[in-house]
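Reader: Could you take me through the aromatic rings here, slowly and in plain words? I would like a close look at how they pair up.

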Amino acid sequence: MANLRQAQKQMTRRLLLESGLELFTTKGYAATKVDEIATAAGTTRVTFYAYFPSRSDLMKALIDERLNEALQRVRSPDHGSTAQDLVATVADGSPQTIAAWLRRTADSWPEIRPIIRVGRDAAAVDPELRDLVERWMEEAISDIEDGLTAAGRFAPHQRRFRGVLAMAELDYVAQHWGDADWKLTREQLLDELSASWVRLLN
């Protein structure tokens, strides 16, 4: 019985997260009310608050849980979260390894893009969320810095900025792929992005 209750709780929480993301995406964060999220999830406002103290907390959970899960990021004592495969990829630095990591990451773009977009939309109107997406980006930059440090490439003062440039490229491409007319197939785009990362990180 306890296991069934736990499974039902997890299902309700998952439905609230999914409904919140869908409504934030279609209506916008500012226009979405807690009651609407609860109704879309097939539950009540009281139940919503049993899982999330506020709409902001639901948005934080989307970033901290859904985004990190999609990108295989785990808790890190050093900087919030980490993606060990990104650290290892950067430390390796070979064109093949970097291209393979970028291709795996690109496979998750359809899942991560809506979360990052609504996170930025939410940050524009909710002071509690101002640093949410940027903090996640900083953590990814730190992974690149850690990989460069492990490999002993570049002077210490260069490593972080190399990570900033690499993540800025990846973020821009991920957010605009499909919307922009770059005259490239997906494979050509990933080849160009991989070549740029190889130059930046070696």
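Author: Happy to: here is a walk through the ring pairs and their surroundings. This is a predicted model, where local features need pLDDT of at least 70 and side-chain atom pairs count only at pLDDT 80 or more, while totals for chains, interfaces and linings use all residues. Residues are numbered from 1 along each chain as its sequence is written, and side-chain values use heavy atoms, leaving out hydrogens and water.

Searching the whole structure gives five aromatic pairs (rings of Phe, Tyr and Trp, the last by its six-membered ring, with centres within 6.5 Å; planes under 30 degrees apart are stacked, over 60 edge-to-face, the rest tilted). The planes of F48 and Y49 stand at 90 degrees with centres 5.4 Å apart, so this pair is edge-to-face. F48 is buried, at 0% relative accessibility, whereas Y49, at 36%, is partly exposed (buried is under 20% relative accessible area, exposed over 50%, partly exposed in between, with a 1.4 Å probe and protein chains only). Together with F52, F48 and Y49 make one aromatic cluster.

Now look at W101 and W197, a stacked pair with 25 degrees between the planes and 5.5 Å from centre to centre. W101 lies in helix α6 and W197 in helix α10, 96 residues apart, so the pair links distant parts of the chain (helices are DSSP runs of H or I, at least four residues, numbered from the N terminus). Both W101 and W197 are buried.

Back at the cluster, L58 touches F48 and F52, among others (contact means heavy atoms within 4.5 Å).

Notes. Helix = DSSP H or I, 4+ residues; strand = E, 2+ residues; numbered from the N terminus. Lists of a residue's contacts leave out its neighbours within four places in sequence.
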